[in-house]
Amino acid sequence: MPESSPSFRILGPARLSGEVKVTGAKNSALKLMAASLLAPGTHTLRNVPDIADVHIMSELLVRLGCTVSLNNDVLTIDVPATPGHKAEYDLVRKMRASINVLGPILTRVGIAEISLPGGDAIGSRGLDFHISGLEALGATITFEHGFIIAKVDGRLKGATIDLVFPSVGTTENLMTAAVLAKGTTTINNVAREPDISDLGEYLISMGAKIQGLGTQTLVIEGVDSLKAAEHSTLPDRIVSGTWAFAAVMTGGDITIQGGRADHLELPLDKLVASGAVITSTPDGIRVKMDKRPIAIDVATLPYPGFPTDLQPMAIALNAIADGSAIVTENVFEARFMFVNELKRLGARITVDGHHAAIAGIKQLSGAPVVATDIRAGAGLVLAALVSEGITIVEDGFHIDRGYPNFAEDLRSLGADVTRI
Ligand code: EPU
């Protein structure tokens, strides 16, 4: 945790209405940044969100020898002929996406030493899929003094890899390693999150040969070298989804500029089932609600399933919905930790393993609570908006990791929110 972390003070209840603009996706931008290590020269990434995690990834790239600058939403990365190969614990522990430099560094430099990220507040988050995949490509992997050390003599070699689970980070690390391997790599059962296609398109613009983006199988023909490129990050579907839930929970009317309904099909279907009216606008989505939401059952699954990153919002919605619902978490085993915080606002929730049973009540009541991760923090803020009185969400640095200008945006939509 940083030395001083902001808290969010929310006076509820609130009804949100107006327009909000969604910036580039955190989980895409971070991966694009890591992938830039694959080619020397000056890369330009547009639509990059100004959030804490982007600054952490920038610092990591600087330590690897890059020069990085962010002007408005344009990030320029100058990558040296030979980048460094070591990512230290002080940065990796702050942000697990640091592990995304493993594939690019290994394939380019022949050795990568990345501090082990460890577990975090949403689960143990192993690296076994990343490791076995890289080993299949010819890497030798050892663990020493808290570091994962990956080496290869010469180039990695194309292989066929069957993932046991469509892990987002593993798919990305293997793609970024395979693009410079010798021969063809086929990866089956890959993650299909839009972030993966965004990364794939950036790699293709760098000269990579990739087929099957958006499907369950990627076929990558390794090339000898890649060149620096320019790319615009896709809009953040989880931030868009957060605003959609906020509109429905507060009986509001929000136009989400830049929101892509095609990346949020299942969450938007659930909100319609809850009573929302959702329409497409020329540049986004409008979400309108004029009654108390109806409870909705949700089960998280890899894309195109319901995103685990919107699970806290689904629980918060059900906490004030008409009826009872079950929310099932299938991706991260410890993602119900924030439920105890939500209960402090009066929510009636029982957790049994990876199921949460929620009995909706009309209104929650404000209290001090603590954000345990990015999405739990956002979910608690939404719950605070439908609580009577003051809620203080502590450890707001988690929220800053994923939501640029969250308090300002909430205020512009009519909420009484301050950062303290
Ligand atoms: N897993 C393993 N072994 C591995 C890799 C993953 O057991 O080697 C397990 C994980 O422990 C987890 C499951 O597989 O239970 C899925 O993990 P995945 O690798 O798909 O997730 P990730 O790459 O670590 C990314 C996002 C998460 C998002 C998940 C799922 C980034 C930086 N993080 O994590 O985003 O929840 O995919 O969509 O892209 C967030 O933004 O708040 C966030 C947590």
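## A starting point: two cis peptide bonds

Pro304 sits in the loop between β18 (298-299) and α10 (311-319). In this predicted model, a cis peptide bond joins Tyr303 and Pro304, with omega at about 10°.

Another cis bond is found towards the start of the chain. The peptide bond from Gly12 to Pro13 is cis, with omega near 0°. Pro13 belongs to the loop between β1 (8-12) and β2 (17-21). For context, most peptide bonds are trans.

## The chain as a whole

Let us step back and look at the overall fold. The protein chain contains 14 helices and 25 strands. Its C-alpha trace spans about 65 × 45 × 40 Å along the principal axes. How does the radius of gyration fit a compact globule? With 420 residues, such a globule would have a radius of gyration near 22 Å, and the 21 Å of the protein chain agrees with that.

Of the 420 residues in the protein chain, 58% are buried. Among contacts with a separation of 6 or more, 74% come from residues 24 or more positions apart. The accessible surface of the protein chain is about 15800 Å², and carbon and sulfur atoms account for 49% of this area.

## A covered helix

Helix α1 (residues 26-35) is a good place to look at burial. Is this helix mostly covered or mostly open? Helix α1 is mostly covered, with 9 of its 10 residues buried. Among the buried residues of α1 are Leu30, Leu32 and Met33, and the charged-type names Lys26 and Lys31 are on the list as well.

## Charges and salt bridges

The protein chain carries 36 positive and 46 negative charges, and the mean positions of these two groups are 1 Å apart. A search of the whole structure turns up 14 salt bridges.

One of them links the side chains of Arg286 and Asp253, at 2.7 Å from N to O. Arg286 belongs to strand β17 (residues 284-288) and Asp253 to strand β15 (residues 253-257), so this pair ties together parts that are 33 residues apart in sequence. Arg286 is partly exposed, at 32% relative accessible area, whereas Asp253 counts as buried, at 13%.

Asp262 and Arg260 form another salt bridge, and their closest N and O atoms are 2.8 Å apart. Asp262 counts as partly exposed at 39% relative accessibility, and Arg260 counts as partly exposed at 35%.

## Towards the end of the chain

Which residue meets Arg419 in a salt bridge? The partner is Asp400, and the N to O distance is 2.8 Å. Arg419 lies in strand β25 (residues 416-419) and Asp400 in helix α13 (residues 397-400), so the bridge ties together parts that are 19 residues apart in sequence. Arg419 is partly exposed, with 40% relative accessibility, while Asp400 is buried, at 18%. Elsewhere, Lys26, Asp53 and Arg401 are joined into one network by salt bridges that share partners.

Two residues on either side of helix α13 have backbone angles worth a look. Most residues other than glycine have a negative phi. Asp395 is not a glycine, yet its phi is positive, at about 55°. Asp395 lies in the loop between β24 (387-394) and α13, and it is partly exposed at 22% relative accessibility. Asn405, also not a glycine, has a positive phi of about 55°. Asn405 is in the loop between α13 and α14 (406-412), and its relative accessible area of 49% makes it partly exposed.

Methods. Residues numbered from 1 in each chain as written. Predicted model: local features only at pLDDT ≥ 70, side-chain atom pairs only at ≥ 80, totals over all residues. Heavy atoms only, no water. Helix = DSSP H or I, 4+ residues; strand = E, 2+ residues; numbered from the N terminus. Rg over C-alpha atoms; globule rule 2.2 N^0.38 Å. Buried < 20%, exposed > 50% of the residue type's maximum accessible area, 1.4 Å probe, protein only. Contact = heavy atoms within 4.5 Å. Areas by Shrake-Rupley, 256 points an atom, 1.4 Å probe, with all protein chains shown as cover. Lys, Arg positive; Asp, Glu negative; His and termini not counted. Charge placed at Lys NZ, Arg CZ, Asp CG, Glu CD. Salt bridge = Lys/Arg side-chain N within 4 Å of Asp/Glu carboxyl O.
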